[in-house]
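The exercises below are to be worked with the sequence and the model side by side. Each one sets a task and then goes through its solution in steps.

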Amino acid sequence: VNSSGNALPAAKVLNGSVPSSDPVAPSCAIEFECYEGMLVQVTNGTVTGGNLSFGSDPVAEVPVTAATSRTFREPGLEYPGVGGSIPTWDGNPEVFELDPDKLGLASAIIPGGSSFTVTGVIGFEFGDYEIWPTSLVVSEAVIPRAVRTRIAGETTVGSLNLFRFATDGEYTTRLSKLSLYIRTVLLSPDVLAVQEADSIIALQDLADQIIADDAGVIYTPYLIEGNDFGGIDVGFLVRSDVDVDAVTQLGADETFYYDDSLLHDRPPLFLEGRYTGNGKDFPIAVMVIHNRSLNSIETERVQLKRLAQAESIAAKVQDFQVNNPAIPLVVVGDYNAYEFTDGYADVVGHIKGEFNPAESLQSGQDLVEPNLINQIDLLPANERYSYVFEGNAQALDHALTSQSAAPWLRGMQYGRGNADAAENLILDPTTAAASSDHDGLVVYLMTDYDGDGVA
């Protein structure tokens, strides 16, 4: 050390325009390398996801932006895209990381959605640029955050990805956390569609845990084994006030024309039943889906399989609408797709019955009429997410509803606490946060008051 205690230069201010969110801006406007080793300052920046976790650092860095609002996935192929009519998403180059304890401050669990003011140094670690704070003030977002309480006469349909819920590993802790999340965040929907359960045994154990925690919530599990090589399936938990007429697996034997493999890894499961509300019998149909993931989306096979699955589900939706035009239909689950095209295929649009073929590399037939309504489209823009990937909020979990359900629909909400939670909380039984990596959702329907078709 040659000298110390010298005056530092003024901190470089980062904000909503510096670094730029434009991937084609001059290089020094977007590359954090320009600021590496420099003292910087951010006022009212936004945390865009929960803490990462590593073996040697269980409460690690959080993704952030220097802007006052969080970053979202947007339509199209990630920059540079392919041009033409296919939208290009800029990739949100303004996202970087904040590591609270890198220079000796206390470690901190910081939920996604929090705001922060920080002074520190830009560093580089494991392929990402980070700010290493010398001072840090955080205004924490409050999670978990429950959905609204239903009002008299409403029935609720929920959906939750259980994050590879299996009868192994930290099973007791997972049971406790999932029960807590379902009861206190989703408020025990009448019909809960689930994804990523490994067996009917696991679902029965979850139903047993829920009734042990609250004797007033009695669920019956339904699950039919599918084709997933990893053993995960879709299913239902149905409360005792719903009469189930049938639960049917759909398309389990359908093949994918590309290579004659089975089309649906997790075949859709279809529930038909009735709920008594306001003294009247209220029929309802719920389809739970869990489509092929976005992994290897650059390959033709994956693009076409995702499209083929969407068309298969669309055909099943249309068949039900034609044969049961008056029965409300809710199609829920982990679509592994956005409410808009990802540039490769518009999976949700094909199931909904509304898409622009020119905006996707792969496109098929419009099979649904009348179109379904995606309930996420009716939410405020800042609530349209159920998952966070690389610091970008995105909606993978959707609730599509038929026009026949429209007279009774009273909205949809996400139950917050998973997508924005610190990863290490998954083994903390004292909180519902991080019970999964997806936020669940709840759809509200007001049952018929007098049998005249008007709620």
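**Exercise 1. Follow the pairing from β13 through β16 to β17, and describe the turn of the hairpin.**

Solution. Begin with strand β13 (residues 242–249), which is joined to strand β16 (residues 269–277) by seven bridges, the two running antiparallel; strands here are DSSP runs of E with at least two residues, helices are runs of H or I with at least four, and both are numbered from the N terminus. Two strands count as paired if DSSP finds at least two bridges between them. Within this pairing, Q249 has L269 in β16 as its bridge partner.

Next, cross to the other pairing of β16, where nine bridges join β16 to β17 in an antiparallel arrangement, and where T276 finds its bridge partner in D281 of β17. The hairpin of β16 and β17 has two residues between the strands, and N278 there takes a positive phi near 55 degrees.

Before going further, note that this is a predicted model, in which local features need pLDDT of at least 70 and side-chain atom pairs count only at pLDDT 80 or more, while totals for chains, interfaces and linings use all residues. Residues are numbered from 1 along each chain as its sequence is written, and side-chain values use heavy atoms, with hydrogens and water left out.

**Exercise 2. Give the strand order of the six-stranded open sheet, and state which helices pack on it.**

Solution. The order is β11-β12-β10-β9-β24-β23, with mixed pairing. At the edges stand β11 (219–223) and β23, each with a single partner strand, so one side of each has no neighbour in the sheet. From one strand to the next the twist averages 20 degrees, where axes are lines fitted to C-alpha atoms, for helices over the stretch in contact, and angles run from 0 to 180 degrees between N-to-C directions.

Then add the helices. Helix α2 (residues 171–184) packs on the sheet and touches β9, β10 (191–197), β11, β12 (233–239), β23 and β24, its direction making about 155 degrees with that of β9; contact means heavy atoms within 4.5 Å. Helix α3 (residues 200–213) also packs on the sheet, touching β9, β10, β11 and β12, and its direction makes about 170 degrees with that of β11.

Finally, look at single strands. In a regular strand the side chains alternate between the two faces of the sheet. In β11 the covered face carries Y219, P221 and L223, and the uncovered face T220 and Y222. Five bridges join β11 to β12 in antiparallel fashion, T220 having V238 as its bridge partner in β12. Strand β9 (residues 154–165) is joined to strand β24 (residues 440–446) by six bridges, again antiparallel, with T156 opposite Y444.

**Exercise 3. Classify the aromatic pairs F32–Y129 and F282–W408, and say what each ties together.**

Solution. A pair of aromatic rings is described by the distance of the centres and the angle of the planes. Rings of Phe, Tyr and Trp (its six-membered ring) pair if their centres lie within 6.5 Å, and planes under 30 degrees apart count as stacked, over 60 as edge-to-face and the rest as tilted. The count by this rule is ten aromatic pairs.

F32 and Y129 are stacked, at 6.2 Å centre to centre with 25 degrees between the planes. Because F32 lies in the loop between α1 (27–30) and β2 (39–47) and Y129 in strand β8 (residues 128–139), the pair ties together parts that are 97 residues apart in sequence. Both F32 and Y129 are buried, where buried means under 20% relative accessible area, exposed over 50% and partly exposed in between (1.4 Å probe, protein chains only).

F282 and W408 are edge-to-face, at 5.6 Å centre to centre with 75 degrees between the planes. F282 lies in strand β17 (residues 280–290) and W408 in the loop between β22 (397–401) and β23 (409–415), so this pair ties together parts that are 126 residues apart in sequence. F282 is buried, with a relative accessible area of 3%, and W408 counts as buried at 10% relative accessibility.

**Exercise 4. Where does E61 lie, and is E61 buried or exposed?**

Solution. E61 is in the loop between β2 and β3 (62–65), and at 7% relative accessibility E61 counts as buried. Leaving aside neighbours within four places in sequence, the residues in contact with E61 include G50, F54, D99 and E130.
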